[in-house]
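The following exercises are to be worked with the sequence and the coordinates at hand. Each task is followed by a solution in steps.

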Amino acid sequence: MPDETPIPAIHDIGGLARFHCTPVEHDEAPPDAFGKKVDALRQVLAQKSLMTVDELRRGIESIPEGDYFALGYYERWLRSIAGLMVEKGIVGKDVLG
Amino acid sequence: MAAPPRPESLALLDRLMAALEAKGVVTEAEIAERQANTDKASPETGARMVARAWTDPAYRALLLSDGKAAAEQMGVSMAGAPPLGVLENTPARHHLVVCTLCSCYPRAVLGYPPGWYKSFAYRSRAVREPRVVLAEWGLNLPDSVEVRVVDSTADYRWMVLPMRPAGTEGWDEARLASIITRDALVGVAVPKVAGPRPAA
């Protein structure tokens, strides 16, 4: 079933028809070591006033659609955080590889 | 289930950490300490809050009017956290919490959000067909019960105050807390008394 109107942005998926037939899996696993480290890094950078939740969101919400759905949850976070640190001149562009 | 991070993501994290350490911005030890603190948060806190609300009318009133203050009374630091709203289930109304945009969740009182809460399926379907999602997970609500879905955001987090089930009369707070699951605090389940009910 196609969505009747274009979605405003890729993260805004509330009600999106494409997932209607997708069961909600009982995925109870806690974040893996990678996820926990990214999560902690975000908190530490926020404590040091080097980034905000809104900046994190901007970085995540600007990921192109294909990558947004292909990357894992904390992979999207990391991409946003790394982009922000480069954008702010805190680390060099070479970090992005 | 969530796929493991791809090698390029692991490499990106290593490069970012190395660069941040080289600039003196963060240390591995700081990150590890923060992670250890984060790991301590768990739904047991939310369960204790609900158990107290079930037994203490004054605490119940506080919980419903100011969730952050109610959490702090339990010894949880809510400094810097957004407001915590608490949604009271009644015989006529059931609440379900979702974050359609990402994963906003009252982490201080519930811990890390589970994988399903962050899933595309839950985020998109919870607001469109909540009764179907709940039924798939074994919670069949009669039509007479209104289902109210509340969207948690970066600026305002939500938790459910479930109804105390029958058969728990006389229980103390700890015993009550033992039947209050994380799922009940999000609204995808309701507390149940395990085992056969004693004969009347």
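**Exercise 1. Place B:K192 in chain B and assess its exposure.**

Solution. Step 1: B:K192 is found in the segment that follows α10 (182-186) of chain B. Step 2: the model is a predicted one, and the relative accessibility computed for B:K192 is 58%. Step 3: exposed residues are those over 50%, so B:K192 counts as exposed. Step 4: in sequence B:K192 is 28 residues from B:R164, while their C-alpha atoms are 8.8 Å apart in space.

**Exercise 2. Describe the fold elements, extent and domains of chain B.**

Solution. Step 1: counting elements gives 10 helices and 4 strands in chain B. Step 2: along the sequence these elements follow the order α-α-α-α-α-β-β-α-α-α-β-β-α-α. Step 3: along the principal axes, the C-alpha atoms of chain B fill a box of roughly 70 × 35 × 30 Å. Step 4: of the 200 residues in chain B, 48% are buried. Step 5: chain B divides into domain 1 (8-39) and domain 2 (41-186), and the C-alpha centres of these two domains of chain B are 32 Å apart.

**Exercise 3. Compare the spans that UniProt annotates with the computed secondary structure.**

Solution. Step 1: for chain A, an unreviewed UniProt entry lists "domain: Nitrile hydratase beta subunit-like N-terminal" at residues 10-94. Step 2: residues 10-94 of chain A are 53% helix and 0% strand, with end C-alpha atoms 28 Å apart. Step 3: for chain B, an unreviewed UniProt entry gives "domain: Nitrile hydratase alpha/Thiocyanate hydrolase gamma" at residues 14-189. Step 4: residues 14-189 of chain B are 44% helix and 12% strand, and their end C-alpha atoms are 40 Å apart.

**Exercise 4. Characterise the largest pocket and its lining.**

Solution. Step 1: the volume of the largest pocket is about 1,300 Å³. Step 2: its lining has 46 residues, and those nearest the centre are A:R42, A:Q43, B:A81, B:R107 and B:A108. Step 3: at least two lining residues come from each of α1 (33-47), α2 (53-61) and α4 (73-87) of chain A, and likewise from each of α2 (28-40) and α6 (107-110) of chain B. Step 4: α2(A) supplies the largest share of the lining, 5 residues. Step 5: by residue class, the lining comprises 26 nonpolar, 13 polar and 7 charged residues. Step 6: domain 1 (8-39) and domain 2 (41-186) of chain B each contribute at least three residues to the lining.

**Exercise 5. How many disulfides are found over all chains, and what is the situation of B:C104?**

Solution. Step 1: the search of the whole structure returns 0 disulfides over all chains. Step 2: the cysteine sulfur closest to that of B:C104 belongs to B:C99, at 4.0 Å. Step 3: a disulfide requires sulfur atoms within 2.5 Å, so the sulfurs of B:C104 and B:C99 are too far apart for a bond. Step 4: B:C104 has 13% relative accessibility and therefore counts as buried. Step 5: A:C21, by contrast, is exposed, with a relative accessible area of 78%.

**Exercise 6. Locate A:S49 and report its backbone angle phi.**

Solution. Step 1: A:S49 sits in the loop between α1 and α2 of chain A. Step 2: phi of A:S49 is near 60°, a positive value in a residue other than glycine. Step 3: the relative accessible area of A:S49 is 66%, so A:S49 is exposed.

How values were computed. Residues are numbered from 1 along each chain as its sequence is written. Chains are lettered from A and ligands numbered from 1 in the order in which they are written. This is a predicted model: local features need pLDDT of at least 70, side-chain atom pairs count only at pLDDT 80 or more; totals for chains, interfaces and linings use all residues. Side-chain values use heavy atoms; hydrogens and water are left out. On a 1 Å grid over the protein atoms alone, a cavity is a set of points where a 1.4 Å probe fits but cannot get out, and a pocket is an open set with protein on both sides within 12 Å along at least five of seven lines; lining residues have an atom within 4 Å of a point. Grid points are joined across faces, edges and corners, and a volume is the space filled by probe spheres set on the points. Ala, Val, Leu, Ile, Met, Phe, Trp, Tyr, Cys and Pro count as nonpolar, Asp, Glu, Lys and Arg as charged, and the others, Gly among them, as polar. Domain bounds come from an automatic or database domain assignment. UniProt positions are given in the numbering used here, feature names are shortened, and annotations may be inferred rather than shown by experiment. Buried means under 20% relative accessible area, exposed over 50%, partly exposed in between (1.4 Å probe, protein chains only).
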